[in-house]
Amino acid sequence: MIKIFSAIVVSLIIGFKVMAYEEANYKVVKQNKVYEIRKYSDRLAIEAITSNEGSSFRKLFNYISGNNENKEEISMTTPVTQVEKKGNMTMQFYLPSKFNKDNTPIPSNSEVKVLNIKGGYYAVIKYSGRASDKNFIKHKDILKNELKKNDITILSSPIKATYDKPFTLPMLRRNEAMFKIDINL
């Protein structure tokens, strides 16, 4: 029985890891035992505000599934991010690097917006487990306290980044809490 269970777990791990997505491009410029500082380039994303009229994930997923002006299916990328803007929670999917402002399909749903996220420096703490609010808040607070100890100025609301499919085993999940920061390197 243990051998069968082990074989199933191993096949699930291999199966999940083979299905890699394009990831937002960054360079690690500094790191310590708690967090790393990354420099991101500008990148295009689609964004939807969480509302009573359906989840932001569903709206964004519909866009990449072809609910756009060109009826074009778009590959999923990572991470999926969530951030508070003007009192509202928003979710963002980054677009594959082949897209630019001229070839990005216009959303069919007026609640989905295409935006350019300006590059810059971000402090990031990685953690595994469920992508719950409780787990995120715990790690966001650890990161915030470490940045304060190191006199690093935070420029953004906390950003929740998730990388794995919902059915990935919790101990194998990659989650992150991040802040845009002001730093001279």
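A charge is taken to sit over a ring when NZ of Lys or CZ of Arg is within 6 Å of the ring centre and within 35 degrees of the ring normal. In this predicted model, Arg38 meets that description: it lies over the face of Tyr26, at 4.1 Å from the ring centre. A second case involves Tyr163, where the charged end of Arg174 sits over the ring, 3.7 Å from its centre.

Tyr26 also leads into the aromatic pairs, of which the structure holds 4. The ring centres of Tyr26 and Tyr40 are 5.2 Å apart and the planes stand at 45°, so this pair is tilted. Tyr26 belongs to strand S2 (residues 26-31) and Tyr40 to strand S3 (residues 36-40); with the two positions 14 residues apart, the pair links distant parts of the chain. The two partners can also be described by their accessibility. Tyr26 counts as partly exposed because its relative accessibility is 24%, whereas Tyr40, at 4%, counts as buried. Together with Tyr122, Tyr26 and Tyr40 form one aromatic cluster.

Another aromatic pair is formed by Phe57 and Phe61, and here the arrangement is stacked, with 6.0 Å from centre to centre and 10° between the planes. Both residues lie in helix H2 (residues 56-64), and because they are 4 residues apart, about one helical turn separates them. Phe57 is partly exposed, with a relative accessible area of 36%, and Phe61 is likewise partly exposed, at 32%.

Turning to the strands, S4 (residues 43-49) is mostly covered, as 6 of its 7 residues are buried. Strand S4 is joined to strand S8 (residues 112-117) by 6 bridges, and the two run antiparallel. Within this pairing, Arg43 stands opposite Ile117 in S8. S4 also pairs with strand S7 (residues 88-94) in the antiparallel sense, over 5 bridges. There, Thr90 of S7 is the bridge partner of Ile49. As a general point, side chains in a regular strand alternate between the two faces of the sheet.

A last stop is helix H3 (residues 133-149), which contains Ile142. With a relative accessible area of 35%, Ile142 is partly exposed, because that value falls between the limits of 20% for buried and 50% for exposed. Once neighbours within four places in sequence are left aside, Ile142 is in contact with Val34 and Ile125. Ile125 and Ile142 are 17 residues apart in sequence, while their C-alpha atoms are 8.4 Å apart in space.

Methods. Residues numbered from 1 in each chain as written. Predicted model: local features only at pLDDT ≥ 70, side-chain atom pairs only at ≥ 80, totals over all residues. Heavy atoms only, no water. Buried < 20%, exposed > 50% of the residue type's maximum accessible area, 1.4 Å probe, protein only. Contact = heavy atoms within 4.5 Å. Pairing = 2+ DSSP bridges. Phe/Tyr/Trp six-rings, centres within 6.5 Å; stacked < 30°, edge-to-face > 60°.
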